[in-house]
Amino acid sequence: MVNGYRPTSLQEALEIKNRVDAVPYAGGTDLMVENRKDVSYLFLNGLEELKQIREEADHISIGPCVTFTQALESDFIHPLMKEAVSRIAAPAIRNTGTFGGNIGNGSAKADSVLILYVCDAKLRLASTEGERIVDIDNFYKGRKKLGLKPEELIVEILVPKKGLDNYYYKKVGGRNALAISRVAFAGLISIKDGRIESLAAVFGAVSDTVLRFKDLEAMITGKTIEEARAVKEKFLAAYEERMILTRGRVSAEYRKTVCMNLLKDFLEEKGI
Ligand SMILES: Cc1cc2nc3c(=O)[nH]c(=O)nc-3n(C[C@H](O)[C@H](O)[C@H](O)COP(=O)(O)OP(=O)(O)OC[C@H]3O[C@@H](n4cnc5c(N)ncnc54)[C@H](O)[C@@H]3O)c2cc1C
């Protein structure tokens, strides 16, 4: 039998988390695989307040217990996120797996996290002591290492509404369904009056965390397409040098070749 606490409100959940060392449990699709007998769980999946998707002035608010199926059915979730989420596992996992769990699992293969990185999403973390908002890329400290205090829970995911439309997304897996990413890539570009206002490129499943190099992105930001083309080779060479990848089911060399091809394809598709 699984030991656990079943709070009836977020406040109660935070009080329990403050008191005992209980493991947050959302959909359980990652935790079930671990099958630990030595822990107590804090079941969050009964809390309606953590299952909401809301539209706010400048962002979409996603509750951590929102499932992938729920997101696919929502009008508020951007097509880029829907495309990534629709590639997660199979319907049974998408019906139970949640955004909070995808983030909380601390894996660089997490498909929704890749999108949260590329669009500069933020997380709201809460404890009985109060709340704080952190940038997603400051939250991941390494494989399974999160910037989360023992008494804190992820209580909201804030996804910007603007700047997501001109995107590029590819997930390279072993097969079409039920494939954990071997390499995943998402790119975003925003062009206004002929100038590149912003460019973001993120790589998933190839290192301990999702990789994003904002200083290299800055080589393109502010330039016209012509000017960006002129620095393209230098830009690609900088990524080639910076990307130190780990081995997974496939070699680091294979992953690097795929990453560089995806980056080039992204630039070409966007006219650079
Ligand atoms: C067969 C199979 C296929 C899969 N395929 C994919 C795939 O293609 N892509 C992909 O990205 N993932 C995949 N996964 C992994 C998994 O389904 C996802 O990571 C899912 O999002 C986890 O969500 P969950 O609600 O089930 O998390 P849980 O198992 O409940 O929790 C996962 C972790 O997050 C923590 N956590 C949960 N909620 C919170 C919170 N509010 N605050 C703090 N910590 C929290 C938990 O303590 C735990 O450490 C697959 C898993 C299986 C079993």
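Q: Hi! Which element gives the most to the shell around the ligand?
A: That's α6, with four residues. Helices here are DSSP runs of H or I with at least four residues, strands are E runs of at least two, and both are numbered from the N terminus.

Q: Before we go on, what kind of model is this?
A: It's a predicted model, where local features need pLDDT of at least 70 and side-chain atom pairs count only at pLDDT 80 or more, while totals for chains, interfaces and linings use all residues. Residues are numbered from 1 along each chain as its sequence is written, and side-chain values use heavy atoms, with hydrogens and water left out.

Q: Thanks. How many residues surround the ligand, and which are the closest?
A: There are 33 around the ligand, and the closest are Pro24, Gly27, Thr29, Asp30 and Thr98. A residue counts as near if one of its heavy atoms lies within 4 Å of the molecule or strand in question.

Q: What's the mix by class in that shell?
A: The shell has 19 nonpolar, 10 polar and four charged residues. Nonpolar covers Ala, Val, Leu, Ile, Met, Phe, Trp, Tyr, Cys and Pro; charged covers Asp, Glu, Lys and Arg; the others, Gly among them, are polar.

Q: Which polar side-chain atom lies 2.6 Å from an oxygen atom of the ligand?
A: One from Thr98. A polar side-chain atom of Asn102 also lies 2.9 Å from a ligand oxygen, and a polar backbone atom of Gly28 is 2.8 Å from one.

Q: And how much of the ligand does the protein bury?
A: The protein buries 89% of the 980 Å² that the ligand exposes when taken alone. Accessible areas come from the Shrake-Rupley method with a 1.4 Å probe, and for residues only the protein chains shown count as cover.

Q: New topic: which residues touch the most other members in the largest nonpolar core?
A: Phe99 and Ile103, in a core of 41 residues. Such a core is a set of buried Ala, Val, Leu, Ile, Met, Phe, Trp, Tyr and Cys residues joined through side-chain atoms within 4.5 Å. Buried means under 20% relative accessible area, exposed is over 50%, and partly exposed is in between (1.4 Å probe, protein chains only).

Q: Where does the largest share of this core come from?
A: Helix α7 (residues 111–118), which supplies six residues.

Q: What does Ile103 touch?
A: Leaving out residues up to four places away in sequence, Ile103 touches Val113, Leu116, Leu123, Phe139, Tyr140, Leu146, Ile154 and Ile157. Contact means heavy atoms within 4.5 Å.

Q: Now Glu152: buried or exposed?
A: Glu152 is buried, at 4% relative accessible area. Its place is in the loop between β9 (145–146) and β10.

Q: Which residue's side chain does Glu152 join in a polar contact of 2.7 Å?
A: The side chain of Arg132. A polar contact is a pair of N or O atoms within 3.5 Å; within protein, one must be able to donate a hydrogen and the other to accept it, and residues adjacent in sequence count only if both atoms are side-chain atoms. Glu152 also touches Lys17, among others.

Q: Why does Lys232 count as buried?
A: Because its relative accessibility is 13%. Lys232 lies in helix α10 (residues 225–242) and is in contact with Leu267, Glu268 and Ile272, leaving aside neighbours within four places in sequence.

Q: Last one: where is Glu12 found?
A: In helix α1 (residues 10–19). Glu12 is partly exposed at 30% relative accessible area, and its side chain reaches the backbone nitrogen of Thr8 at 2.8 Å.
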